[in-house]
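Student: I am new to this structure and would appreciate a close look at one part of it. Please take a contact between two helices, and then say how far the model may be trusted.

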Amino acid sequence: MSNRSLPLIASSEVAKHNTEKDCWVTLYERKIYNVTSFLNEHPAGGDIILPYAGKDVTEIMADATSHSHSESAYEMLDDDMLIGYMATEIEERELINNKNNTPVEMKLVTSTDSQGNEFDMYTFHDHLPALEKLSIQTDFHEDAKKHKFLDLNKPLLMQLLRSNFTKEFYLDQVHRPRHYGKGSAPLFGNFLEPISLTPWWVVPLVWLPPNMYIFYVGFVNQSPIIALSFWVMGLFVWTLVEYCLHRFIFHVDGLLPDHPYFLTLHFLLHGVHHYLPMDGYRLVLPPTLFIVLAYPFYKLVFSIFPFYMACSGFAGGTLGYIMYDVTHYVLHHTKLPKFFQELKTYHLEHHYKNYEMGFGVTSRFWDVIFETEIHDTFEKRA
């Protein structure tokens, strides 16, 4: 695969190059090739290519009944005809259509740090990659070929269920971030797919009304001071719950049984987020999963405290959860003021620098207390 820096090009621009004298095609809806000079050299003739001028050729190149293509054919495309990468909708909006109209150049798998040194996007880094690099789409074909892990073109869960990955290999690969770049990667690949996708706004829309009602019940049926005290306590306790859930449940990595079923469960619960950390539809808990995780806490709180005190405390805790999930989305996808930008950098370091540290999302308070804070130096454990 070529390591040249190449431009990011809008899909509308690619579609314009659709004639015999100016013929571009795309592969994986990502790599762009100028095949104009190759039309007369193609073994099956240029007429088989022209219907795909300005379009994607992934499916037809993989169709053995139409015309068989060897690995060398793909390599020849990369070596001789690769001219750029087709932008995703997000990249068009945030990179190409920027106010300064500055040219954008990037590499698909390798990139450069602030000192101009190249690094591999699949490895863990001493310093967080530049934020604009975190939306560059992974080369699906190259990734599957190089790492022998999951093929992002196919439903991910069945690949895991049928795999013979060892736990050590799985944990190493699932924490090396990939970027799907054109929406959300297929998890189920069938009618179940929608239940795995949750827009961030669903969380406040679904949970704020019952949260406010529970708070109201607790507030009007006891002393306001007591109600607010338990509400604040619930909010504070949530910060510890957030830390413990992330560290001991979502990152149960070391205690995970070495079996495809458990690896798949881990992937569903949190692994997919580390594998595809910039997927905007898998950054917050689906409502059904929240109910499952929240129910034990609900039973505990209402069994320990009198009913109205429990209402106030539980309202504080669930508000903490709502703030956590919204914050989590914002940290991945929004430009923020300085304080929150530092929190964003800290959380992204958990993904791109050291997933075994930095478990706080809304703050690093408990990371400091339990000595799991990510520092400036690179501390990923071997």
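Tutor: What follows describes one helix pair and then the confidence of the model.

This is a predicted model, in which local features need pLDDT of at least 70, side-chain atom pairs count only at pLDDT 80 or more, and totals for chains, interfaces and linings use all residues. Residues are numbered from 1 along each chain as its sequence is written, and side-chain values use heavy atoms, with hydrogens and water left out.

The pair consists of helix 7 (residues 167-174) and helix 10 (residues 260-275), whose axes come within 10 Å and cross at roughly 25°. Helices here are DSSP runs of H or I with at least four residues, strands are runs of E with at least two, and both are numbered from the N terminus. Axes are lines fitted to C-alpha atoms, for helices over the stretch in contact, with angles from 0 to 180 degrees between N-to-C directions. The two helices are therefore roughly parallel to each other, a term for angles under 35 degrees. Helix 7 contributes Lys 167, Tyr 170, Leu 171, Gln 173 and Val 174 to the contact, while helix 10 contributes Leu 263, His 266, Phe 267, Gly 271, His 274 and Tyr 275; contact means heavy atoms within 4.5 Å.

As for confidence, pLDDT is the predictor's confidence in each residue, from 0 to 100. The protein averages 83, and 82% of the residues score at least 70. Among its elements, helix 8 (residues 202-220) has the highest mean pLDDT, 97, and strand 6 (residues 105-106) the lowest, 40. Over residues 98-119 the pLDDT is below 50. Where pLDDT is low, the predicted coordinates should not be read in detail.

Notes. Parallel < 35°, antiparallel > 145°, perpendicular 65-115°, else oblique.
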